[in-house]
2 protein chains.
Amino acid sequence: MRMSGGVEWAVHCCVVLTDVERPVPAATLAKLHDVSMTYLAKQMQALARADLVRSVQGKAGGYVLTRSPDDITVLDVVLAIEGPEPQFVCTEIRQRGPLGTPPEDCRTACPVAKAMLKAEAAWRGALKEVSIGDLVREVDRSSGKDALATIRAWFGGDAA
Amino acid sequence: MRMSGGVEWAVHCCVVLTDVERPVPAATLAKLHDVSMTYLAKQMQALARADLVRSVQGKAGGYVLTRSPDDITVLDVVLAIEGPEPQFVCTEIRQRGPLGTPPEDCRTACPVAKAMLKAEAAWRGALKEVSIGDLVREVDRSSGKDALATIRAWFGGDAA
DNA sequence: CCTAACTCGGATATATGTTGTCCGAGTTCA
DNA sequence: TGAACTCGGACAACATATATCCGAGTTAGG
């Protein structure tokens, strides 16, 4: 049940894409984070499909956020990469086998599934509370405002 | 990031193992739920390693809970099957690449990781709030007390 | 005390999903 | 008009989850 490593990449990409002047290519993002360029491209495609980033093609193309970082939650990013399916799926095991509970006694959801889905809801709720904008402010506070400013300048200048 | 299907099996097994008179073999549990006998055996082994159930060998062997169902949380079962590793692992991506944040500016945890781990803590907390005993009472309430009683009688009698 | 049957336990294949890579379609700028 | 640069989806390699088998150990009964 480990979360895809691409989620971490995608969140960091959204953070550094905040307040960029021009679109940033996937190759530049990959070089910045020192990760596989082709695989990160795959993650960015998923973000584009979820309409979190807008892809611009052509010579000066790249990726830009579609809306304010305060309107993009971490949950949005996680679901875009991992898919919207819940982590727990109830197979109605109680109805199977020789002593399976008859359907008429299954009006309410299986207690096991209820507990699992409640926990998952708590998880999603916590992720929904945090926006990309919150993360940007937190990075500014903990690592200094220069950190992100330097990266933006590097985007604009010669991203060797 | 889908949760292992074996978790659902394991939780249901713990529920039906409540208040059994004699040890119940894995084969009987598999037949009850109409699932792969050999694979369920693997899950029961994991529960035994986590000391949630005690395995009894020999002719009249099987599995029994090691303690009161009120003292076994759903989180215990999930961790026993899925492993104790957290679902999100921070790779310190902020320190990598040409503009990596220097270690002296990383005294505090990465904001991205903090958000993820906080959500995971909420998830674990919710799972810890529910015990196997709670699930037993919930099943008795929703499906009638006969449901589990019939299963226990089937264990004691001829589990064909 | 011995035997025999039944149980669990770990080592072993297969299927599915994640990780990583490649080349073609489309767009923009000169 | 052309050429270079971008994204986008199709294509392999790897890891994990799933499913299975056979041997070690134990117990009940004769």
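**View 1. A:Gly5 meets the backbone of DNA strand C.** In this predicted model, a polar backbone atom of A:Gly5 lies 3.2 Å from a phosphate oxygen of DNA strand C. Two residues of chain B join the picture: the side chain of B:Tyr63 places an N or O atom 3.1 Å from a phosphate oxygen, and a polar backbone atom of B:Gly58 is 2.9 Å from a sugar or linking oxygen.

**View 2. The protein surface near DNA strand C.** Here "near" means that a heavy atom of the residue lies within 4 Å of the strand. Of the 22 residues around the strand, those that come nearest include A:Ser4 and B:Arg49. Sugar and phosphate make up 72% of the strand's atoms that come within 4 Å of the protein. By class, this surface has five nonpolar, eleven polar (Gly is counted here) and six charged residues.

**View 3. Chain A against chain B.** Take a look at where the two chains touch: 53 residues of chain A are in contact (heavy atoms within 4.5 Å) with 53 residues of chain B. There are four salt bridges between the chains, each a side-chain nitrogen of Lys or Arg within 4 Å of a carboxyl oxygen of Asp or Glu. In one salt bridge, B:Arg96 pairs with A:Asp34 at 3.6 Å, N to O.

**Reading the views.** Residues are numbered from 1 along each chain as written, with chains lettered from A and ligands numbered from 1 in written order. Local features need pLDDT of at least 70 and side-chain atom pairs 80 or more, while totals for chains, interfaces and linings use all residues; side-chain values use heavy atoms, leaving out hydrogens and water.

Key: Polar contact = N/O pair within 3.5 Å; in protein donor to acceptor, adjacent residues only side chain to side chain.
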